[in-house]
Amino acid sequence: MLRRLLRFRSRQAGVSGFRMLSTTADIPTKQRPKLTPLSSDNAPNWQHPGPIDQQLSLGWTGATPKTVLLVRKANDRQVDSALTRIAHWFHATYPQINLVLEPHVHREHRAELPFALTLPSEHQRSEYARTVDFVVTLGGDGTFLHVSSLFANEVPPIIPFSMGTLGFLLPFDFKDFPRHLHKVIEGAATVLPRMRLMMSRKGGTEMHVTNEASIHRGTYPHLTTISCSLDGHLLTTSVGDGIIVGTPTGSTAYALSAGGPIVHPLVSSIVLAPVCPRSLSFRPLMLPPTAVVELTVHRESRGRATAYVDGRDCGAVEQGDGVVIRRSPFPLLCVNREDLALGWAQDINQLLMFNRTFSQPHETPFDERN
């Protein structure tokens with residue numbers, strides 16, 4: 001159930017008042033976005049997303065989307081101010097669009113945003129999947145990753161705005177938000193499908209992975225012995241701190257720190273990287289997107305390990321236990337720059353100082369002026 005306190009003004013009497021929309025029947029079920037490959041006139045089937053190795057054109061089956069979810073970075077006054085500003089912009093410019101906030105955010109901003117909706121309980125997240133047409137994030141990469149955890153499977157298109165932080169998932173600056181949001185709402189935006197993985201444990205639930213899944217020794221003082229199987233066949237047994245299984249998006253995160261390759265987001269692949277292995281010959285691998293990777297803590301390992309998904313602790317993994325990681329059928333649909341090649345080249349040069357030397361910093365084609 002969604003609750004909405006909608007302020008309205010009577011044009012005839014000139015009197016302000018309030019009415020309560022208290023049932024989900026008042027909120028329309030979301031419309032599925034119309035995704036068309038930029039290089040083709042044939043739209044992929046939503047149930048079978050089709051190729052995710054190309055950018056897509058975002059459109060809507062109806063006139064405009066009906067519901068937007070605003071997700072913000074916590075404990076930041078600048079972000080709170082931006083949230084209020086963008087919410088009022090939506091309410092004034094597109095009053096027909098329902099504005100949804102997370103329950104804890106709604107409690108904090110209820111007085112200044114009386115027209116916003118929220119869930120009656122944080123346990124009813126299925127309402128997000130039923131009603132939300134697209135998501136706006138205000139913050140950093142962590143805020144973007146948080147959106148994935150709000151939806152069980154399919155995630156609506158996400159348009160992320162940077163609030164002064166640098167990140168590979170933040171193509172838009174907040175100061176230009178009206179122009180970018182107009183393009184999304186009017187169906188004139190470009191979408192980059194980012195491949196995700198799915199991690200499952202024996203007898204446990206499945207979890208979607210945006211950056212990486214890993215087994216790591218955590219706080220345990222001894223090295224962990226982990227067996228790694230590929231498509232049911234033993235690939236290797238590693239002694240070290242752990243093993244990372246990542247996505248192209250995650251190739252510039254934890255896997256990069258472990259010596260993994262930088263993978264373009266349109267290259268569908270799985271990155272396998274060891275963390276501080278005892279053997280120097282264990283080098284990172286790029287696997288096909290159809291690969292199924294199983295990581296098992298060896299029965300003779302000196303201690304247990306811990307499973308992690310996108311940096312979140314997912315519990316201990318005892319000797320003989322493990323995780324299975326495969327490609328998810330539900331990519332993240334990220335509103336992106338129209339010129340992906342230029343944007344990606346700028347990102348790795350400006351954020352990673354790609355191939356930048358200490359003596360000749362002018363060698364990079366992208367400096368602070370671009």
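In strand E14, Glu212, Ser214 and His216 point one way while Ala213 and Ile215 point the other way, and all are buried. Buried here is shorthand for under 20% relative accessible area, with exposed meaning over 50% and partly exposed anything in between (1.4 Å probe, protein chains only). Strands, for their part, are DSSP runs of E with at least two residues, helices are runs of H or I with at least four, and both are numbered from the N terminus. E14 covers residues 212–216, and five of its five residues are buried, so the strand is mostly covered.

A word on the model itself before going on. This is a predicted model, with residues numbered from 1 along each chain as its sequence is written. Local features need pLDDT of at least 70 and side-chain atom pairs count only at pLDDT 80 or more, whereas totals for chains, interfaces and linings use all residues; side-chain values use heavy atoms, with hydrogens and water left out.

Back to E14 and its partners. Two strands count as paired if DSSP finds at least two bridges between them. E14 runs antiparallel to E16, and five bridges join the two. Within that pairing, Ile215 has Ile243 of E16 as its bridge partner. E14 also runs antiparallel to strand E20 (residues 305–309), this time with four bridges. There, Ala213 is matched with Val309 of E20.

Zooming out, the protein has seven helices and 23 strands. Of its 370 residues, 51% count as buried. Contacts (heavy atoms within 4.5 Å) reach a good way along the chain: among those between residues at least 6 apart in sequence, 66% join residues at least 24 apart. The accessible surface, from the Shrake-Rupley method with a 1.4 Å probe and, for residues, only the protein chains shown as cover, comes to about 17600 Å². Carbon and sulfur atoms account for 51% of that surface.

Thr225 gives a local view of such contacts. This residue lies in strand E15 and, at 16% relative accessibility, counts as buried. Setting aside neighbours within four places in sequence, Thr225 is in contact with Thr237, Ser238 and Val239, and also with Thr296, Val297, His298 and Ser301.

Strand E15 (224–230) is followed by a loop leading to strand E16 (233–246), and Asp231 sits in that loop. Asp231 is not a glycine, yet it has a positive phi of about 55°. Its relative accessible area is 45%, which makes Asp231 partly exposed. A second case of this backbone setting is Asn355, again not a glycine, with a positive phi of about 60°. Asn355 is found in the segment after helix H7 (340–352) and counts as exposed at 63% relative accessibility.

Next come the charged side chains. Side chains of opposite charge can pair when their charged atoms come close. With a salt bridge taken as a side-chain nitrogen of Lys or Arg within 4 Å of a carboxyl oxygen of Asp or Glu, a search of the whole structure turns up ten of them. One of these joins Arg72 to Asp80, with the closest N and O atoms 2.5 Å apart. Arg72 is buried, at 7% relative accessibility, and belongs to a network of salt bridges that links Arg72, Asp80 and Glu108.

Another salt bridge brings together Arg130 and Glu127, at 3.4 Å from N to O. The two residues are three apart in helix H3 (residues 126–131), which means they are separated by about one helical turn. Arg130 is partly exposed at 23% relative accessibility, whereas Glu127 is buried, with a relative accessible area of 10%. Asp176 and Arg179 form a salt bridge too, with an N to O distance of 4.0 Å. Here Asp176 is partly exposed, at 27% relative accessible area.

As for cysteines, the structure holds zero disulfides, a disulfide being a pair of cysteine sulfur atoms within 2.5 Å. Cys228 is buried, with a relative accessible area of 1%. Cys334 is buried as well, at 3%.
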